[in-house]
Amino acid sequence: MSGTTVGELHADLEGRPIHVTDLEYEKYLEESRIREILNNPDAVLLVVDYQFDFINSSNAKNLDGINLNVAGGDKCYGLLKRLQKDFGADRVFYTADWHPENSQTFAVNADVSLFASWEKDSVTMTGWPVHCVQGTPGAEIAIPVLNPDHVIRKGTNPDMECYSGCKDLQGVPPIFHVGIHAGKTLIEVLKGRPVVVTGLAEDYCVSSTLRDLVGSDQIPTVYFSPNLSSAVDPDNDAGRIVPGNFQDSVDAVES
Ligand SMILES: [Zn+2]
């Protein structure tokens, strides 16, 4: 539906049965390692691409008529909202997919079929439905952003796919565009800090970001919580953060 506003998208999410009670939240803190991580003042929460276009299927129709919604993408909404409050504005960071209209990541612009793989400048691109176009409601982050200076935008180069918050498929890093971190990369800003990686989608932008954080000698520990993420394709074990993938390098938040 065209003309959907951020307020309507937000009201739609708030109206879904995806909130957590105090009891459920306490249970999560008790049964996971999150409380221990919260108590480490150096640890940060990284929320990857938690944007309406990846969550909302009821309102925001894209140009292709197909949403890039992640099944169950809304299920971590309540928990993420609670958790980011406890981490506090200084310790929460966000990545945001932020594509120009003419982005070659969109199947319609690349003139390929939806979800088709194609080669460009020695990398494999995928023909995605239109999503997260700069300045559109669907590109807004779906939970309250506690500190706008902590948002790093990626995918801004129309010619190159960028899943990871650390670098695009050709190795070019996105940079913070406003505030005290302007001009710096994600790894430069998070240097030396344990990072809990959350958000969407587990099998693309979350796993790519996580892989780059793990591969950097600047980040001491990388945590992952299945309760704070969802996959585009739950059967995509090769892309997911499951035992066997990243097993040795990622600390699980849940046992
Ligand atoms: Zn994208």
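Select V197 in this predicted model. Show its contacts, leaving out neighbours within four places in sequence: they are L46, V48, V206, T209, L210, L213, V222, Y223 and F224.

Now widen the selection to the core. Which residues of the largest nonpolar core touch the most other members? V197 is one of them, along with L46, V195 and A201. This core holds 60 residues. In soluble globular proteins, nonpolar side chains tend to be buried together.

Next, select helix α8, residues 202-215. Is the helix largely enclosed or largely open? It is largely enclosed by the rest of the structure, because 11 of its 14 residues are buried. Colour the buried ones: E202, D203, Y204, C205, V206, S207, S208, T209, L210, R211 and L213. Of these, V206, T209, L210 and L213 also appear among the contacts of V197.

What covers the buried residues of α8? Turn on the strands β1 (44-48), β2 (92-97), β6 (195-200) and β7 (222-230); the cover includes these four. V197 lies within the range of β6. Its contacts L46 and V48 fall in the range of β1, and V222, Y223 and F224 in that of β7.

Zoom out to the whole protein. Show the cartoon: there are eight helices and eight strands. The C-alpha atoms fill a box of roughly 50 × 40 × 40 Å along the principal axes. The radius of gyration is 17 Å, which agrees with the value near 18 Å for a compact globule of 255 residues. Colour by burial, and 42% of the residues count as buried. Finally, draw the contacts with a separation of 6 or more: residues 24 or more positions apart account for 73% of them.

How values were computed. Residues numbered from 1 in each chain as written. Predicted model: local features only at pLDDT ≥ 70, side-chain atom pairs only at ≥ 80, totals over all residues. Core = buried A, V, L, I, M, F, W, Y, C linked by C-beta atoms within 7 Å. Buried ≥ 20, exposed ≤ 12 C-beta atoms within 10 Å, placed from the backbone. Contact = placed C-beta atoms within 7 Å. Helix = DSSP H or I, 4+ residues; strand = E, 2+ residues; numbered from the N terminus. Rg over C-alpha atoms; globule rule 2.2 N^0.38 Å.
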